[in-house]
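Work through the exercises below with the sequence and the 3D view side by side, and try each task before reading its solution.

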Amino acid sequence: MPVCELRPATAEDAEAVYALICELKQAQFDREAFHAGYLANLQDRHMHYQLAALDGHIVGMIGLHLQFHLHHVRWIGEIQELVVLPQSRGLNVGSRLLAWAEDAARRVDAEMTELSTSVKRVDAHRFYLREGYTQSHFRFTKAL
């Protein structure tokens with residue numbers, strides 16, 4: 001099995017991150033708007049992106065937003081994005097990225113990590129359950 005190497009994302013990774021997000025959402029986005037948002041997020045001390053590489057090729061990423069929740073009176077690590085390219089699934093890449101995010105949240109004494117996933121992503125649901133996550137909330141959205 002190839003070795004999965006993790007490293008922080010940088011501005012130079014914008015195109016690779018863009019491709020991963022397009023894979024995650026199965027959609028194309030406005031590149032200019034994406035790049036502007038990505039570069040702004042890299043400047044946010046509470047937002048962290050970690051990339052996973054196999055044989056030097058970027059195959060996955062995770063986005064972790066650390067935030068202090070008043071209703072917990074603690075820090076919470078929200079996993080905003082987690083994506084692994086289809087050909088690299090089953091190689092523990094997702095597990096490594098989740099472990100990294102959990103460790104990063106522990107370093108700020110976070111109470112928990114949390115994430116949302118589409119109701120359509122049944123394989124992702126099974127993955128998160130295997131990783132020890134529980135379904136404890138409902139998330140409601142409203143398009144504006």
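The exercises that follow concern a predicted model, and each one is solved step by step.

**Exercise 1. Find which residues of helix α1 are buried, and name elements that cover them.**

Solution. Begin with the helix itself, which runs over residues 14-25 and reaches 16 Å from its first C-alpha to its last, close to the 16 Å expected for its 12 residues. Next, look for the buried positions, which are Ala14, Val17, Tyr18, Leu20, Ile21, Cys22 and Leu24. Then turn to what lies over these residues, where you will find α2 (31-43), β2 (47-54), β3 (57-69) and β4 (74-84) included in the cover. Finally, go to the residue that follows the helix, Gln26, and note that its phi is positive, near 50°.

**Exercise 2. Decide whether Glu81 and Glu102 are buried or exposed, and state which side chain of opposite charge is nearest to each.**

Solution. Start with Glu81 in strand β4, which is buried and has no salt bridge, since its nearest side chain of opposite charge, Lys25, is 9.2 Å away, whereas a salt bridge needs the nitrogen and oxygen within 4 Å. Beyond residues up to four places away in sequence, Glu81 touches several others, among them Ile21, Leu24 and Met61.

Continue with Glu102 in helix α3, which is also buried without a salt bridge, with Arg106 as the nearest side chain of opposite charge at 4.4 Å. The side chain of Glu102 does, however, make a polar contact of 2.8 Å with that of Tyr133. To complete the step, follow Arg106 to the residue with which Arg106 forms a salt bridge, Asp103, where the closest N and O atoms are 2.8 Å apart.

**Exercise 3. Compare the salt bridges Glu15 to Arg31 and Arg126 to Asp123 by where their residues lie.**

Solution. Take first the bridge between Glu15 and Arg31, whose N to O distance is 3.1 Å. This pair links distant parts of the chain, with Glu15 in helix α1 and Arg31 in helix α2, 16 residues apart. Glu15 is partly exposed at a relative accessible area of 39%, and Arg31 is partly exposed at 42%.

Now take Arg126 and Asp123, which meet at 2.2 Å, N to O. Both lie in helix α4, three residues apart, about one turn of the helix. An α-helix has 3.6 residues a turn, so residues three or four places apart point the same way. Arg126 is partly exposed at 44% relative accessibility, while Asp123 is exposed at 55%.

Definitions and conventions: Residues are numbered from 1 along each chain as its sequence is written. This is a predicted model: local features need pLDDT of at least 70, side-chain atom pairs count only at pLDDT 80 or more; totals for chains, interfaces and linings use all residues. Side-chain values use heavy atoms; hydrogens and water are left out. Helices (H or I, at least four residues) and strands (E, at least two) are DSSP runs, numbered from the N terminus. The expected span of a helix is 1.5 Å times one less than its number of residues. Buried means under 20% relative accessible area, exposed over 50%, partly exposed in between (1.4 Å probe, protein chains only). Contact means heavy atoms within 4.5 Å. Lys and Arg count as positive and Asp and Glu as negative; His and the chain ends are not counted. A polar contact is a pair of N or O atoms within 3.5 Å; within protein, one must be able to donate a hydrogen and the other to accept it, and residues adjacent in sequence count only if both atoms are side-chain atoms.
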